[in-house]
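Subject: Structure handover

Hi,

Here is the structure I promised to pass on to you. Have a look at it first, and then read on for what turned up in it.

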Amino acid sequence: MYNAQICQDVFVDKVLNKTNGFFVDIGAGTGGLPADTPGFYSNTYYFETFKDWKGIAIDHDINWWSRVSPLRSADCICVDLVEKNINEVLDKSNCPTEIDYLSIDVDDAQMKVFNDFDFDKYKFKVLTLEHNLFQSEADCGQNITVKRKEQIVKEHGHYREVLFKHGYRLLWDNVHLDDYGPVEDWFVDEETFEKNKHLQKISANCLETMNI
């Protein structure tokens, strides 16, 4: 039923428990991995399929877009956010300013998209944000330079500083992907935090979502 790689959809579903919501999935593709279903590794497919949510799913992968857009009810957009400003894309798509679930996972464009995103205009209840902090702790088979590791740590601090400044709270800290390490932070707005603060976790294992 759920589809996300590290149970983001499970977390959002259990924290919000909402029908007829709205999501924005930035980096909705599969990173070039082959997929048999439009829900493959999708953080948001569950919500449109089982909870009657509407949403916007964005990725630059034309192969992903051509495969899933006829099969999803979300507004699927193929655009390179290195070249385009995310706010212009959302405005063109008539994105509401109140977003229930925002997912940001755009690999090399992550910092640009985050810095471009208008957090004053667009508000969210839940954000799952990729940071790949594991790469600063170990190579994990990847050729990561010392300079890049330092940059990842700096970016991670920047993400948190900006979101804290805008009044968001960190509900699940440094969510781990098995065999890798900390890959995401999961933020919520103040109201959602107060309703779910008993669930707060540090260095969480994504599989723990099944028990909340």
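Two strands pair if DSSP finds at least two bridges between them. Strand S2 (residues 54–59) and strand S3 meet that criterion, because they pair over four bridges, in the parallel sense. Please keep in mind throughout that this is a predicted model.

**Around S2 and S3**

Within this pairing, isoleucine 56 has aspartate 75 of S3 standing opposite. Taken with helix H3, the strands S2 and S3 make a β-α-β unit, and the unit is right-handed. As you scroll along them, a general point may help: in a regular strand the side chains alternate between the two faces of the sheet.

**Salt bridges**

How many salt bridges does a search of the whole structure find? The search gives 12. Here are three of them, plus a small network.

Glutamate 48 and arginine 72 bring their side chains together in a salt bridge, at 2.9 Å from N to O. This pair links distant parts of the chain, 24 residues apart: glutamate 48 sits in helix H2 (residues 45–50), while arginine 72 belongs to the loop between helix H3 (62–68) and strand S3 (75–78). Both glutamate 48 and arginine 72 are buried.

Aspartate 185 and arginine 160 also meet through their side chains in a salt bridge, again with 2.9 Å from N to O. Aspartate 185 is in strand S7 (residues 181–188) and arginine 160 is in helix H7 (residues 146–165), so this salt bridge ties together parts that lie 25 residues apart in sequence. Are the two partners buried or exposed? Aspartate 185 has a relative accessible area of 1%, which makes it buried. Arginine 160 comes out at 16% relative accessibility and counts as buried too, because the cut-off is under 20%.

Arginine 169 and glutamate 190 form a salt bridge in which the closest N and O atoms are 3.1 Å apart. Here, too, distant parts of the chain are linked: arginine 169 is in strand S6 (residues 169–177) and glutamate 190 in helix H8 (residues 190–196), 21 residues apart. With a relative accessible area of 30%, arginine 169 is partly exposed, and glutamate 190, at 35% relative accessibility, is partly exposed as well. As for the network, Lys18, Asp100 and Lys125 are joined into one by salt bridges that share partners.

**Two polar residues**

Glutamine 8 lies in helix H1 (residues 8–16) and counts as buried at 3% relative accessibility. Its side chain is joined to the side chain of glutamate 184 by a polar contact of 3.1 Å. Which residues does glutamine 8 touch, leaving aside its neighbours within four places in sequence? They are Asn43, Tyr101, Thr128, Glu184 and Trp186.

Asparagine 174 lies in strand S6 and is buried, with 12% relative accessibility. A polar contact of 3.2 Å joins the side chain of asparagine 174 to that of aspartate 173. If you would like a distance to check in your viewer, the C-alpha atoms of asparagine 174 and proline 96 are separated by 29 Å, the two residues being 78 residues apart along the chain.

**Aromatic pairs**

A search of the whole structure finds 15 aromatic pairs. In one of them, the rings of phenylalanine 11 and tryptophan 186 have centres 4.6 Å apart and planes at 45 degrees, so the pair counts as tilted. Phenylalanine 11 belongs to helix H1 and tryptophan 186 to strand S7, so the pair ties together parts 175 residues apart in sequence. Phenylalanine 11 is buried at 0% relative accessibility, and tryptophan 186 is buried with a relative accessible area of 0%.

Tyrosine 46 and phenylalanine 47 make another aromatic pair, this one edge-to-face, with 5.1 Å centre to centre and 80 degrees between the planes. Tyrosine 46 is buried, its relative accessible area being 4%, and phenylalanine 47 is buried at 0%. Both residues belong to one aromatic cluster, formed by Tyr2, Tyr46, Phe47, Phe50, Trp53 and Tyr101.

Happy browsing, and all the best!

Note on methods:
Residues are numbered from 1 along each chain as its sequence is written. This is a predicted model: local features need pLDDT of at least 70, side-chain atom pairs count only at pLDDT 80 or more; totals for chains, interfaces and linings use all residues. Side-chain values use heavy atoms; hydrogens and water are left out. A salt bridge is a side-chain nitrogen of Lys or Arg within 4 Å of a carboxyl oxygen of Asp or Glu. Buried means under 20% relative accessible area, exposed over 50%, partly exposed in between (1.4 Å probe, protein chains only). A polar contact is a pair of N or O atoms within 3.5 Å; within protein, one must be able to donate a hydrogen and the other to accept it, and residues adjacent in sequence count only if both atoms are side-chain atoms. Contact means heavy atoms within 4.5 Å. A crossover is right-handed if, with the strands pointing away from the viewer, the path from the first strand over the helix to the second runs clockwise. Rings of Phe, Tyr and Trp (its six-membered ring) pair if their centres lie within 6.5 Å; planes under 30 degrees apart count as stacked, over 60 as edge-to-face and the rest as tilted.
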